[in-house]
Amino acid sequence: MTTYFFDQLANNPHALVFAGQSTPWVEALRELSSDEELNAELHEYEAGAKALLSPIYSELLANAGGDINVFDALENKHMNAANALLSVPGITLAQFGAVRDLTNLGYNFEVNKPCAVLGHSQGVIAAEMVKARIKAKSWQKARAQIEELLAIAYLIGAAGDRESRMLEITGDGEHTPMLSLKGVTKKQAEALISRVERTRGEVSIAVKNAYNHVVIAGYPEDMEAVANEAQKETKRSKKLREMKVRGGAVFAPVAEYLDVTVPFHSPMLQSAVEQVVEWANEAGLNTTVARELADAVLVTPVDWATQIGEVLEQNDARSLWILDMGPSEVLGKLTGVLVQGTGAGIVEAATLRSRAELSTADSASEPERTGCWADFAPRVINTPAGRKVLTKFSKLTGKAPVLLAGMTPTTVEPEIVAAAANAGYWAELAGGGQVTAEVFDRHMKSLENQLREGATIEFNAMFMDRYLWNLQFGSKRIVPKKRQSGAPIDGVVISAGIPELDEAKELVASLQADGFPYVTFKPGTVDQIRQVVRIAKAVAPATIIVQVEGGVAGGHHSWESLDDLLMTTYAQVRECENLVLVAGGGIGTPERAADYISGEWASEYGLPNMPVDAVMIGTAAMTAKEAHTSPEVKRMLVETPGIAMPKSSSIEGFDEDPFAPMGERWVPSGKVIGGVTSGLSHLHADIYELENASARCGRLLVHMMKHPEELESRRDEVIEALNSTAKPYFGDVESMTYLQFAQRFLDLAYPWVDPTYADRYMHLLQRIEARLINQDSGEFTSILPSIEEVSKHPQAALYTLIDALPQAREMNVVPMDAAWFPTLVREYPKPMPFVPVIDNDLLRWWGQDQLWQSEDSRYSADAVRVIPGPISVAGITTMDEPIADILGRFEAAVLNRAESGAETGVEAENKENAASKSSKSAFSQIADAKNVEAYVRACPNISWVGHVTANPAYGTSLGDENYVITVTSSNNDVISLDLDIKLDTFWDNQENQEAKHSTKNAANSPKRKHAVRDIVIPLTVDASQAGSIPVVDRERLPKHVYEMLAATAGIGNT
């Protein structure tokens, strides 16, 4: 049976909304006039209203300077349709006609019963007409009241026009008495108004369409003055951003004058209200209604956002329809902004055609709804591993929606990554520190030794670092090769740049083919996020993850606000079903993590909850037990106040400027707030760091970079600054003896943190030997020991050299060797821990490869570069807390918020149902698996002796006869299963043919050929371990399967 849209309205809540001024009412009324019957009816109602005004009509004529007839505007193009004399009754009549047309097409007030009838600005008059019709139960019975309301509309327009003329307010030119300001909050509008030094009259906020869209009213010249102030603020805001005083979106309002002649919703029109009441009294109209409507249209400010918010709160938004009755689609678009993400639908009903289409629309052609962002809210499920949070991220990965983000240097070493992964968390190994194949192999070997069976990690790669990218995923492919050997890496995060679309498509396909089911992109700008959306659409149905990182993340940072990034792109991201949203940057406390995963962070902006699927944790992990951060640096991190959230004027760094970003607060470039500064790295990129001697040195070197002419005169100051850091000036080589030269190298570079330090030391000794040996040319027999001996006993090697060449104690380094020294320093990619020369490349010499020093206890916390986020560092309160406990605190806060959200939700469910919904049971977070069989089929990989290989049953349906999963035993939480894979053989078709031709006599039936017809892979699943993958049970593994799986899992491969 076909269900039409109007039938749906009888069962679903719906509201009728009517627009106000500055709408094309003439076109709407002209269109209605094309319907002869409707046109005649509108003329009758208009005549009836005029008749009610007959006692005062002569006064109205005198006021207007002629007859007032809205229908004249349909024929006379020279009439000013924006004139309140015409526009107020004209809009009202057009809206009444739209409703009459709707009912003529089958809409029935007695059946459909709208839950609300709202008017925006003067739309309240038409709303009152509809309410009169509903109360009277027929148009005929409501006719007298409707004509009276239309008559009052005439009075309101006439009184508003009269008072504006008396105040000498005109709206005939470019500037009018009302100015729309999009991108401006009420507080910002008040600030702009206060900056106008001398106004001709009162400037007021007339309308609030959204949290950042207001309309102001007053004299046109005052409107222009406010617009000028907005332009000045735009320039100021842009300059602050360019100077890196603060980040976030630049204040950039869109100012548009409304096509009106009267400053509606202004206290200046209070006398006009009294005039309406006086006229109504003289004409014998209802003065109470006249006063209420006149006040609503002429004086009282409109808060449309609040009115729509109340409708959403009082109804199930998922089933709510809002019919825009016009004129035009203006109000529908305004309202669409307010209901975005609620599931409500905006229905265009402002034209004859749109209403006709609605009358015949069925379920296949009904209007579209907005997306419902509540669908992405976290839920809590009961699992054998305990109560867990279920989000789109955890359904995809089976892991908690709290990620240990990849960051250099903290997650370069394997201990913290393994500890987080063993606890069931997504944990990223920082690719920025995997600088050679040897380093990566060493770290992976350590990881595999530390990871429990079934745990996996992820790899964070830097796309724009061509050396590292080529090493790790480009020409050398050390990471995919390691994965093919069974390495427990199941995801790749592509950070530091987003590939072009075609390259990204190929990359996603190749990575997933290489055994990485979870491919992630990490954008930091709106354009980059939109690029990831395009990538997701292009690679569908493959699911990818987007990690949106805001500008208050630690280390290298942008000046983009995380909130701005999310608000601007959230709807686009959520329209993409195969895209999982992760957020990070400034999420330094468990409570803030809960804000983002619950979506409640958006309430500050007057928006519906905008939940993210997971959050990234970085700075908070820097003091973890497993982090290699030195104890002194850990203590400094705990003691650094940072920028506390939420905002408070008593906290350092608080910005009372109403035009400052509403989300994050910022550390200005080169300034210090809360013990954190924003400097420049050797890449000339902005970087957050703790304020200490290292940061002060960095600022001085940045100044020298910008003012190289000062370098010579301030050379001693620069050297002193360098020497206060963990990367000091090597010294003036030409003033050293060769012994001092070698000893200084050894003192600064030993113990070796990289084997190439020893290589370069060896080369230095060889250079000294060649320089000092008593031989002018040709080869000679070196007195130096082997490189192995030099590496192990560097001081002894130097003594050996000096004993043989004692002149090294007295002879100064010759200029040729001094000039050669920088070449020695650059001999290998790993920079040396000192600055070799004072030149115009100081920032690069000093800034390269510093971060490891914060993990070396030889250096004081004051001397090293430490790079936390300025907001997140305020949340660090503990030292040497296990990373599993840190992430667990974040997860617990998210879980508690999800539970409280389910219990206090105001959606369709009551508290009891919501609590029931929040505590559903599941076996695992991955795919919200209800049982162990569903869990196994949802896991893309299985593990055998720490080697990860593709799961042959991945993606198969429950009960798949070709992949049969059977539970064989259960010991507490450890479940044993058999995965029975049915195989095709060469003989199958032949046997089927033979069977067809065989007799029914069993003795003559063909014998079945011997073949391997199934393979059974025994698995174990520890239900108590969240975030794990199934593990192959080696003890129950048949020999032939053992050999097959060894080959596919990469056992024995190099």
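## A tour of two sheets

Select Thr-383 to start: its bridge partner in β11 is Gly-386. Strands here, like helices, are DSSP runs numbered from the N terminus (E, at least two residues, for strands; H or I, at least four, for helices). This is a predicted model, in which local features need pLDDT of at least 70, side-chain atom pairs count only at pLDDT 80 or more, and totals for chains, interfaces and linings use all residues. Residues are numbered from 1 along each chain as its sequence is written, and side-chain values use heavy atoms, with hydrogens and water left out.

Now select residues 379–383, strand β10, together with β11: the two run antiparallel and are joined by five bridges. Two strands count as paired if DSSP finds at least two bridges between them. Add β23 to see an open sheet of three strands, ordered β11-β10-β23, with mixed pairing. Its edge strands, β11 (386–390) and β23 (920–921), each pair on one side only.

Next comes the other sheet. Eight strands form this open sheet with parallel pairing, in the order β12-β19-β18-β17-β16-β15-β14-β13. At its edges are β12 (402–404) and β13 (428–430), each pairing on one side only. From one strand to the next, the twist averages 30 degrees.

Within it, select residues 579–584 (β18) and 614–617 (β19), which pair in the parallel sense over two bridges. Val-582 has Ala-614 in β19 as its bridge partner.

Last, select residues 562–574, helix α24, which lies across β17 (544–549) and β18 and runs at about 175 degrees to β18. Such angles run from 0 to 180 degrees between N-to-C directions, with axes fitted to C-alpha atoms, for helices over the stretch in contact; contact means heavy atoms within 4.5 Å.
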